Amino acid sequence: MKKTLILSAAVLFSAVCFAQKADRPVYLDPHAPVEERVEDALSRMTLEEKVGMTTAQSKFSSRGVPRLGIPEVWHTDGPHGIRPEVLWDEWDQAGWTNDSCTAFPALVNLAATWDKEMSLLYGRSIGEEARYRKKDILLGPGINICRTPLNGRNFEYMGEDPYLAGQMVVPYIQGVQENGVAACVKHYAVNNQEFQRTQSNSVVDDRTLYEIYLPAFKAAVVEGNAWSIMGSYNLYNGQFNCHNKKLLVDILKGEWGFDGVVVSDWGGCRDDEEAVLNGLDIEMGTWTNGLTGAASDSYRNYHMAAPYLKGLREGKYTTKELDDKVRRILRLIFRTSMRPEPNYGRFVCPEHYQAARDISAAGVVLLKNDNNALPLNVPQGGKILVVGENAVKKMVVGGGSSNLKTAYEVNPLEGLQNAFGKNAEIVWARGYVGDTSTSYNNVDTGQDLTDNRTPKELIAEAVEMAKDADYVIFVGGLNKSAHQDNESTDRLQITLPYGQEKVILALAEVAKNIVVVNISGSAVAMPWAGEVDAIVQGWYGGTETGNALADVLTGKVNPSGRLPFTVPFKYEDGPIKTERQYPGIKEEGDEFWQTHYDEGVYVGYRWYSSKKIKVQFPFGHGLSYTTFAYSNAKADKAEMTADQTLKVTVDVTNTGSVDGAEVVQLYINDVKSTIDRPVKELKNFEKVYLKAGETKTVTFEIDAEDLSYFDADKHEWVAEPGKFKALLGSSSEDVRSTVNFKLN
Ligand code: BGC
């Protein structure tokens, strides 16, 4: 009897469940295929609900469909950590006390690791932080090419080479998206300066566009499967990029088959009709009259809000574009907040601190190391003098929208103190006064950096203290304040600001050993390089920046970072020669600034090596505490056809006495071409970890695509038959082995 009762209860229960399941709309079934969920949800929505989804409802969120239980979409900066919460309708801080994040290294630091594993670790970690904070779209990573060292946002990007940026961005995206958070790759496209960023038109020919400025975005979309992308503020071809037909409709959604969401940069949407017709999906940050003034409830007046609805009702638009936008937004929601297997992320945890430290250290670049000045070899009880504002200034704060409120930040001085403890005396001198501000967008570091002494007094103090020091470590560079690696302002010079050169030269005269650590997001000219023993390129390394730097200076980590950009001797050596190229010109009658990319594909090392211009430190350069030898470079065949791949191998040996990592780089040289081509282009690289004495064989596969250029007339990639060279080396200028082959 009892058994029968249990049985009938079970039957009843499953009947109820079945009925519930049958009634449940497909879009709410987390295990139904995404496209079915999208179509089902779309079919249930009113016109108003659909239009509603295409605009912001607050500073950092866009609408869902509350009636259907479809949540709003939460966006967050990005790209180095999760931005502190702001007020609903303002940029001002909300004043939360539980939103201090892990600050990860600036993306240029990540690029300098040349290590895809590091990029995956970065993406996973920041994705977990975003998920914990219930964010659906992370506004990053940024991958605009470093066209000029003066661009204020180079620190948020991945260097001067499209292949490097493309390789490094893909694992970041995958890591973020594993967490059910959409990466939003930015700023698409040809957005390479901050000067007049909302008023400047980039004039670029198609070959340059396809060879230099698009490949990293293409990799992000096609290989990384990015779920969203952000249009940039500037214009291209005379049309604003947030609704640029060629960039968004023809290339992104057409040629690359992007199925994600195009988000406008904040205030980047500038036109009702273009926004509707030219591929924008979510409009964020607009002020009611376009960009300058706000009114209360401005969201209702966004280009894609009231005017869009009116246009639809009056028959100006059909629902064709609208349904496409809404499908994309729904797809994003089903991939993120309504995904099948929700996870909850994690935030400010030891694993994330360790990741930040490891990534930052792996990207520190040892530029010069005369007489093995590094790693530091301080006698017991010896003295290290640290000089410079950047040794103490907390620099997670500042820089623009990447500004973060971090749980803590270890500065370089503290990093060295942590490393040496009581084994050495570590003292600090200011050396120069740079930027004494300590707060940005209401985030305050709590430091007091005021110092009213004259430069002469500061130098005298540092020089006096340097006389009996075993090592002098100067820590300077830029600092993310206005014009010093900062969103919306470009740098004004390539040299060090605040009289730092004088300090370095004065110290070099008296110091026993002098090491300069330059912290910056782009190249700094170093006319003083010959006067110092060692130079280290450090970065804005985030929460753990000081510990990461100390790891390298002490030899706990053998440096393996490589420059993601060229450091020229002087600005004038570079490809930008005219105002028309940079910062652009605005002639009478012009509505916008015109920036002509006249240097074409000759960006970064493509320029310097093709023109045989000597540089201070080449792209790809970075020393180690060990040495590496290349041998036995060969190809598996002497000739290949366009449908074959050529295998090139080279043996790399760690010839020193400590373990270390070498970044083996493969550049292609087209020996003879009908069009003008750079003498070398990076087409592959691999970071190999080698124990002291160990040898590994590195294999690269070369296919026709690696040999091709973009033929703008035919609108296709062309590999011309003939002779090619595979250049294997340790930097763009340090080619160790060459393998010749032919394409038939
Ligand atoms: C920046 C974006 C950022 C957005 C939101 C804009 O000013 O250009 O990179 O994601 O603001 O803060």
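A polar contact here is a pair of N or O atoms within 3.5 Å. Keep that cut-off in mind for the first exercise, and remember throughout that this is a predicted model.

## Exercise 1: The ligand and its shell

**Task.** Find which residues come nearest to the ligand, and work out which of the listed side chains make polar contacts with a ligand oxygen atom.

**Solution.**

Step 1. Start with the shell. There are 15 residues around the ligand, and those that come nearest are Asp77, Arg153, His187, Tyr233 and Asp265.

Step 2. Go through the distances. A polar side-chain atom of Asp77 sits 2.5 Å from an oxygen atom of the ligand. For Arg153, the distance from a polar side-chain atom to a ligand oxygen is 2.8 Å. Arg83 places a side-chain N or O atom 3.3 Å from an oxygen atom of the ligand.

Step 3. Apply the cut-off. A polar contact requires N or O atoms within 3.5 Å. Asp77 at 2.5 Å meets this, as do Arg153 at 2.8 Å and Arg83 at 3.3 Å.

Step 4. Turn to coverage. On its own the ligand has 310 Å² of accessible area, and the protein covers 97% of that.

Step 5. Sort the shell by character. Seven of its residues are charged, six are nonpolar and two are polar.

## Exercise 2: Two cis peptide bonds

**Task.** Locate the cis peptide bonds that follow Asp77 and Tyr188, and say which loops hold Gly78 and Ala189.

**Solution.**

Step 1. Asp77, already met beside the ligand, is joined to Gly78 by a cis peptide bond with omega of about -5°. Gly78 belongs to the loop between β3 (73-77) and α4 (107-111).

Step 2. The bond from Tyr188 to Ala189 is also cis, with omega near 5°. Ala189 lies in the loop that runs between β5 (182-188) and β6 (200-203).

## Exercise 3: Strand β18 and its partners

**Task.** Is strand β18 buried or exposed, and which strands pair with it?

**Solution.**

Step 1. Look at burial. In β18 (residues 534-538), five of the five residues are buried, so the strand is largely enclosed by the rest of the structure.

Step 2. Check the two faces. Ala534, Val536 and Gly538 point one way, Ile535 and Gln537 point the other way, and all of them are buried.

Step 3. Take one partner. β11 (residues 365-369) pairs with β18 in the antiparallel sense over four bridges; Asn369 has Ala534 as its bridge partner. β11 is itself largely enclosed by the rest of the structure, because five of its five residues are buried.

Step 4. Take another partner. β17 (residues 514-519) runs parallel to β18, and five bridges link the pair. Opposite Gln537 of β18 stands Asn518.

## Exercise 4: Two open sheets

**Task.** Give the strand order of the open sheets that contain β20 and β28, and name the edge strands of each.

**Solution.**

Step 1. The three-stranded open sheet has the order β20-β22-β25, with antiparallel pairing. Its edges are β20 (628-635) and β25 (695-702), each pairing on one side only. Ignoring direction, neighbouring strands in this sheet are turned by 20° against each other on average.

Step 2. Follow one pair in that sheet. β20 and β22 (residues 646-654) are joined by six bridges, and Ala629 has its bridge partner, Thr653, in β22.

Step 3. The five-stranded open sheet reads β21-β29-β28-β23-β24, and its pairing is mixed. β21 (639-640) and β24 (681-690) each have a single partner strand, so one side of each is left without a neighbour in the sheet.

Step 4. Inside it, β28 (residues 722-729) and β29 (residues 735-743) pair antiparallel over eight bridges. One of the matched pairs is Lys725 with Asn740 in β29.

## Exercise 5: Loop residues

**Task.** What sign does phi have in Val348 and Tyr498, and is Asn479 buried or exposed?

**Solution.**

Step 1. Val348 has a positive phi of about 30° although it is not a glycine. Val348 sits in the loop between α12 (319-335) and α13 (350-363), and is partly exposed at 28% relative accessible area.

Step 2. Tyr498 likewise has a positive phi, near 65°. Its loop lies between β16 and α16, and with 28% relative accessibility Tyr498 counts as partly exposed.

Step 3. Asn479 is found in the loop between β16 (471-477) and α16 (500-510). Buried means under 20% relative accessible area, and Asn479, at 2%, is buried.

Step 4. Finally, Asn479 and Gly521 are 42 residues apart along the chain, while their C-alpha atoms are separated by 9.0 Å.

Notes:
Residues are numbered from 1 along each chain as its sequence is written. This is a predicted model: local features need pLDDT of at least 70, side-chain atom pairs count only at pLDDT 80 or more; totals for chains, interfaces and linings use all residues. Side-chain values use heavy atoms; hydrogens and water are left out. A residue is near a molecule or strand if one of its heavy atoms lies within 4 Å of it. A polar contact is a pair of N or O atoms within 3.5 Å; within protein, one must be able to donate a hydrogen and the other to accept it, and residues adjacent in sequence count only if both atoms are side-chain atoms. Accessible areas come from the Shrake-Rupley method with a 1.4 Å probe; for residues, only the protein chains shown count as cover. Ala, Val, Leu, Ile, Met, Phe, Trp, Tyr, Cys and Pro count as nonpolar, Asp, Glu, Lys and Arg as charged, and the others, Gly among them, as polar. Two strands pair if DSSP finds at least two bridges between them. Axes are lines fitted to C-alpha atoms, for helices over the stretch in contact, and angles run from 0 to 180 degrees between N-to-C directions. Buried means under 20% relative accessible area, exposed over 50%, partly exposed in between (1.4 Å probe, protein chains only).
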